[in-house]
Amino acid sequence: MRRNSRARLSLSLLLVAGALGLGATPATAAEVHTAAAAPSVIPSASAYALDAAVERTLGAGTAGTYLDRKTGELVVTVTTDRAEEQARATGATVRRVARSAAQLDSVIKTLEAEAKITGTSWGIDPRTNQVAVEADSSVSVRDMARLEAVAERLGGAVSISRVPGVFHREVLGGGAIYGGGSRCSAAFNVTKGGARYFVTAGHCTNISANWSATSGGSVVGVREGTSFPTNDYGIVRYTDGSSPAGTVDLYNGSTQDIASAANAVVGQAIRKSGSTTKVTSGTVTAVNVTVNYGDGPVYGMVRTTACSAGGDSGGAHFAGSVALGIHSGSSGCSGTAGSAIHQPVVEALQAYGVSVY
């Protein structure tokens with residue numbers, strides 16, 4: 001249930017270490033639900049593996065998973081005895097909740113049909129067993145009333161919060177990737193059959209086929225794929241003969257090696273590396289997120305509390321050596337609180353048949 005929709009936000013590209021390295025990330029701002037204020041958890045490799053096993057075993061039989069902030073254990077939410085039995089068999093902690101995956105999906109479909117308002121986003125927060133909606137400052141009083149009326153009819157299945165700023169594409173002030181008169185950030189270096197590529201935001205690769213490391217400089221890579229809106233990922237193949245390292249820039253003279261990729265889990269800690277706000281940290285607060293923009297929605301995204309700004313788009317969301325996402329966008333950042341959105345990187349890797357290294 002949680003990985004079959006999509007959503008979207010902003011833009012900008014970056015590089016990392018090595019010839020054209022990569023390292024990058026998000027941007028956002030927001031008041032988040034109470035659950036978002038909880039301390040984040042650093043997941044172990046076994047937690048990612050267990051989450052994937054639960055996804056395979058239960059599918060829509062779970063209303064979502066999250067990391068318990070006190071124990072660090074993966075919690076699986078279920079509504080039936082059979083699902084509880086299956087979840088316990090995987091070794092996960094189980095919690096019974098009121099709303100099933102099908103019911104939460106129905107709520108999302110209702111919002112899609114009746115409250116598709118530019119400046120809003122929604123996604124599933126399994127900790128509250130609700131669909132968490134955010135509305136930026138561009139949403140009018142009239143549209144807020146419409147949104148609240150739809151939510152009221154859904155009987156407590158929806159939580160709504162306002163976020164400062166306006167969700168927008170951030171095609172400016174990024175790191176070291178230039179194309180079509182714009183500057184963006186790159187996320188992760190990847191490989192396939194010995195060839196080297198980097199993945200970034202699709203709203204960036206839509207702009208140009210050729211990318212350079214400096215403004216007006218020679219081309220270092222050529223676009224081989226792009227997907228935006230609906231998704232927000234793209235891929236560029238290095239054509240300058242370089243073999244950049246598979247690391248992310250930490251902006252303190254060091255880098256973080258990336259050894260694997262996984263889907264983010266609600267409640268976990270993440271870091272974002274971007275050329276504008278550098279490295280910021282946050283917590284994953286919702287999955288299966290849809291963001292409604294004037295130029296079309298993007299689905300199946302992940303919402304976090306990391307700060308970001310214009311120029312961070314296309315950058316890297318990661319946790320330790322695990323790649324998690326490609327920065328899509330935000331509404332800005334209020335103090336140290338953000339609502340950076342990322343495109344799950346696993347989906348992009350599978351789409352292009354590439355892997356991190």
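Colour the chain by secondary structure to begin: this predicted model has 6 helices and 26 strands. Switch to a surface view next. The chain exposes about 12,500 Å², and 49% of that area comes from carbon and sulfur atoms. Of the 357 residues in the chain, 60% are buried. If you draw contacts between residues with a separation of 6 or more, 71% of them join residues 24 or more positions apart.

Now select residues 101-114, which form helix H3. Put a distance label from the first C-alpha of H3 to the last: the 14 residues reach 20 Å, close to the 20 Å expected at 1.5 Å a residue.

Show the side chains of H3 next. Which of them are buried? Pick out Ala101, Leu104, Val107, Ile108, Thr110 and Leu111. As you look along the helix, keep in mind that an α-helix has 3.6 residues a turn, so residues three or four places apart point the same way.

What do these buried residues pack against? Add strands E5 (120-125), E6 (130-135), E7 (158-162) and E19 (278-291) to your selection, together with helix H4 (141-153).

Finally, keep just H3 and H4 on screen. Their axes come within 11 Å and cross at roughly 150°. An angle over 145 degrees counts as roughly antiparallel, which means that H3 is roughly antiparallel to H4. The crossing of the two helices is right-handed. To see where H3 and H4 touch, show Thr110, Leu111 and Glu114 on H3, then Arg146, Leu147, Val150 and Arg153 on H4. Thr110 and Leu111 are worth a second look: they are among the buried residues of H3 and also take part in the contact with H4.

How values were computed
Residues are numbered from 1 along each chain as its sequence is written. This is a predicted model: local features need pLDDT of at least 70, side-chain atom pairs count only at pLDDT 80 or more; totals for chains, interfaces and linings use all residues. Side-chain values use heavy atoms; hydrogens and water are left out. Helices (H or I, at least four residues) and strands (E, at least two) are DSSP runs, numbered from the N terminus. Buried means under 20% relative accessible area, exposed over 50%, partly exposed in between (1.4 Å probe, protein chains only). Contact means heavy atoms within 4.5 Å. Accessible areas come from the Shrake-Rupley method with a 1.4 Å probe; for residues, only the protein chains shown count as cover. The expected span of a helix is 1.5 Å times one less than its number of residues. Axes are lines fitted to C-alpha atoms, for helices over the stretch in contact, and angles run from 0 to 180 degrees between N-to-C directions. Angles under 35 degrees count as roughly parallel, over 145 as roughly antiparallel, 65 to 115 as roughly perpendicular and the rest as oblique. A crossing is left-handed if the near helix is turned anticlockwise from the far one by less than a right angle, and right-handed if clockwise.
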